[in-house]
Amino acid sequence: MKILVTGGFGFIGAKLVESLCEQGHQVRMLSRKMPATVVDTHGAIEIIQCDLLDATFALEKVVDGCSVVFNCAGELHNEALMESLHVDAARRLVQACKKVAITSGKPIHWVQLSSVGAYGPAPINASSERIVTEETVPAPVGAYETTKAKADELVVAALEEGIFSYSILRPSNVYGVGMPNNSIRQWGRAIQQRLFFYVGSRGAVSTYVHVDDVIDALVLCGFDDRAKGEIFNISNDCAQEDVVNAIAKQLNVAQPKLRVPEWLIRLVYVVFSSVKGFPLSKSRIEALLVRTRYPTDKLNLLLGYQPTRDVKETIGEVFLDAVTSKR
């Protein structure tokens, strides 16, 4: 089967392409610039030079011959590009899929890599107990989350029997070797330098999921008919203390014990946040307080899948990547 993967050179996309090739699929990848080298498996990879931000590019030829599209393209840093890539480019590609499907008489299935960020933060405060399911109404905050949620909406609206179907996967914080996000490494540096402390009472939740679990779920969304027309959350939630202790063990340092009252750290933030170089931000405080969970009950019920990579056992992988850990 021929598969189209956007964002195939990214952290998640590259691992997805590898998995698809191992399963015997032909994979077509898009790239703004032709890469110098690509690890190909028996000619299973086809690369098309294409900038998804170019509204004049004829995307029908990109989609032609493909039965499944995995949309893993994403902009993590430049907010000015997020609407264009996540929403406008996705809309053009969806339209191209429908045109090709109508012409060829063969339906196309779209798998959207989204984010639990589409649901937004806790409506009251981060330390409020909260369970988020696929039935939770999206309320994104921030350019990345908002544009991802918009893309999800347009994909859902494009559903057309016999022409276009979809599955949407919303992971929490994806980790693994080579991850581009430095949040876990920043935790590691703080723990290593004895600067880490807990905020508030016990019960904070870490919402992480291993990249290999995300790949497994994406593949199921792509080829299991039961996934069509569905949205799935995927996370492997665990106690914050378990993650912190696992990182300390990996770095061979003492487990942090200091716990600061929430009211005190918020007061310190209000007083000193305007001071240049002050290390605490509102988002970092919220991250230490969060008690939101993302159960994978629906993924397990419909597709028989749940994450299998224990966060406590695998979080140390992030620190084994010497190259990215120096970023």
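## Contacts along the chain

In the protein, 76% of the contacts with a separation of 6 or more are made by residues 24 or more positions apart. The model is a predicted one. Its secondary structure comprises eleven helices and 15 strands.

## Overall dimensions

The C-alpha trace spans about 65 × 40 × 40 Å along the principal axes of the protein. The radius of gyration is 21 Å, which agrees with the value near 20 Å that a compact globule of 327 residues would have.

## Burial and surface

Of the 327 residues in the protein, 49% are buried. The exposed area comes to about 16000 Å², and carbon and sulfur atoms supply 53% of that area.

Charged side chains number 35 positive and 36 negative. The centres of these two sets lie 6 Å apart.

## Nonpolar cores

The largest nonpolar core contains 63 residues. Within this core, the residues with the most contacts are I12, L16, F70, I184, L218 and I247. Helix α6, which covers residues 211–223, gives the most to the core, contributing seven residues.

I247 can be followed further through its neighbours. Leaving aside residues up to four places away in sequence, I247 touches I184, W187, G188 and I191, and also I315 and F319. One of these neighbours, I184, is itself listed with I247 among the residues with the most contacts inside the largest core.

A second core, separate from the one above, has 34 residues. Among them are C50, A101, Y119 and L154.

Terms used:
Residues numbered from 1 in each chain as written. Predicted model: local features only at pLDDT ≥ 70, side-chain atom pairs only at ≥ 80, totals over all residues. Heavy atoms only, no water. Helix = DSSP H or I, 4+ residues; strand = E, 2+ residues; numbered from the N terminus. Rg over C-alpha atoms; globule rule 2.2 N^0.38 Å. Buried < 20%, exposed > 50% of the residue type's maximum accessible area, 1.4 Å probe, protein only. Contact = heavy atoms within 4.5 Å. Areas by Shrake-Rupley, 256 points an atom, 1.4 Å probe, with all protein chains shown as cover. Lys, Arg positive; Asp, Glu negative; His and termini not counted. Charge placed at Lys NZ, Arg CZ, Asp CG, Glu CD. Core = buried A, V, L, I, M, F, W, Y, C linked by side-chain atoms within 4.5 Å.
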